[in-house]
Amino acid sequence: MQDEDLVRAVIAAVAFGVMLAGHYIGDHWVQTSGQAYGKGLDTADCDRRKALWHCAKHVASWTLTTTLFLLAAGWWLRLPFEPAWLIAGIALNAVTHFIADLRTPLIRLGRLLGRGGYMDHVGVVRPAGATTSGPGTGLFELDQAWHIAWLAVSALLIAGPPA
């Protein structure tokens with residue numbers, strides 16, 4: 001293994017780890033309740049313009065959170081980020097997060113891939129009744145898997161191409 005390959009591997013590993021931490025903070029601590037409930041296009045009474053706005057606000061704050069985690073780790077560890085690859089990875093992360101958080105694209109993809117039963121039948125029963133999204137549901141689990149997979153792809157992108 002060449003030194004450049006080792007540096008890229010470290011950048012990818014660190015980027016994935018800190019973006020995963022930033023992802024959970026951004027999705028569960030920074031996101032407002034209004035954004036969480038208003039961003040989906042999958043409700044019968046959905047106002048498309050408002051949903052897009054809630055989703056955009058969430059993805060902006062989420063992207064800022066994951067980026068701060070990434071930049072702080074890069075500074076602390078003195079990682080040699082290449083700005084173009086760093087921006088490409090952050091942008092890929094933001095776009096894929098926005099697509100999934102509108103819920104309808106993720107629901108359609110899940111059904112296309114045969115995960116409809118999982119989305120329809122996996123879920124906790126809450127005191128106020130069952131819901132179709134949010135923690136404890138099949139859709140939420142597919143959403144998180146989608147985000148984590150794209151975090152991994154973004155981390156590899158941030159590391160840059162092989163020399």
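## A surface patch and a helix crossing in an all-helical chain

In this predicted model, Ile25, Trp29, Val30 and Phe69 form a nonpolar patch on the surface, and together these residues expose about 400 Å² of accessible area. Helix 1, which covers residues 3-30, supplies three residues and thereby the largest share of the nonpolar patch; Ile25 is located in helix 1.

The chain as a whole contains seven helices and zero strands, and its pattern, when read along the sequence, is α-α-α-α-α-α-α. The C-alpha trace of the chain spans about 55 × 30 × 25 Å along its principal axes.

Helix 1 also holds a pair of charged side chains that meet: Asp5 and Arg8 form a salt bridge, with an N to O distance of 3.7 Å. Because Asp5 and Arg8 are three residues apart in helix 1, about one helical turn separates them. The count of salt bridges comes to three.

Two packed helices are described by the angle between their axes and by the distance between those axes. How do helix 5 and helix 7 cross, and at what angle? The axes of helix 5 and helix 7 come within 11 Å and cross at roughly 95 degrees, which means that helix 5 is roughly perpendicular to helix 7. The residues that make this contact are set out by helix in the table.

| Helix | Residue range | Residues in the contact |
|---|---|---|
| Helix 5 | residues 104-112 | Leu106, Ile107 and Leu109 |
| Helix 7 | residues 138-159 | Leu139, Leu142, Asp143 and Trp146 |

When the residues of the contact of helix 5 with helix 7 are divided by character, six are nonpolar, none is polar and one is charged; Asp143, on the helix 7 side of the contact, is the charged one, since Asp counts as charged.

How values were computed:
Residues are numbered from 1 along each chain as its sequence is written. This is a predicted model: local features need pLDDT of at least 70, side-chain atom pairs count only at pLDDT 80 or more; totals for chains, interfaces and linings use all residues. Side-chain values use heavy atoms; hydrogens and water are left out. Axes are lines fitted to C-alpha atoms, for helices over the stretch in contact, and angles run from 0 to 180 degrees between N-to-C directions. Helices (H or I, at least four residues) and strands (E, at least two) are DSSP runs, numbered from the N terminus. Angles under 35 degrees count as roughly parallel, over 145 as roughly antiparallel, 65 to 115 as roughly perpendicular and the rest as oblique. Contact means heavy atoms within 4.5 Å. Patches are made of residues with over 30% relative accessible area and no salt bridge: like charges are joined within 9 Å, nonpolar side chains (Val, Leu, Ile, Met, Phe, Trp, Tyr) within 5 Å. Accessible areas come from the Shrake-Rupley method with a 1.4 Å probe; for residues, only the protein chains shown count as cover. A salt bridge is a side-chain nitrogen of Lys or Arg within 4 Å of a carboxyl oxygen of Asp or Glu.
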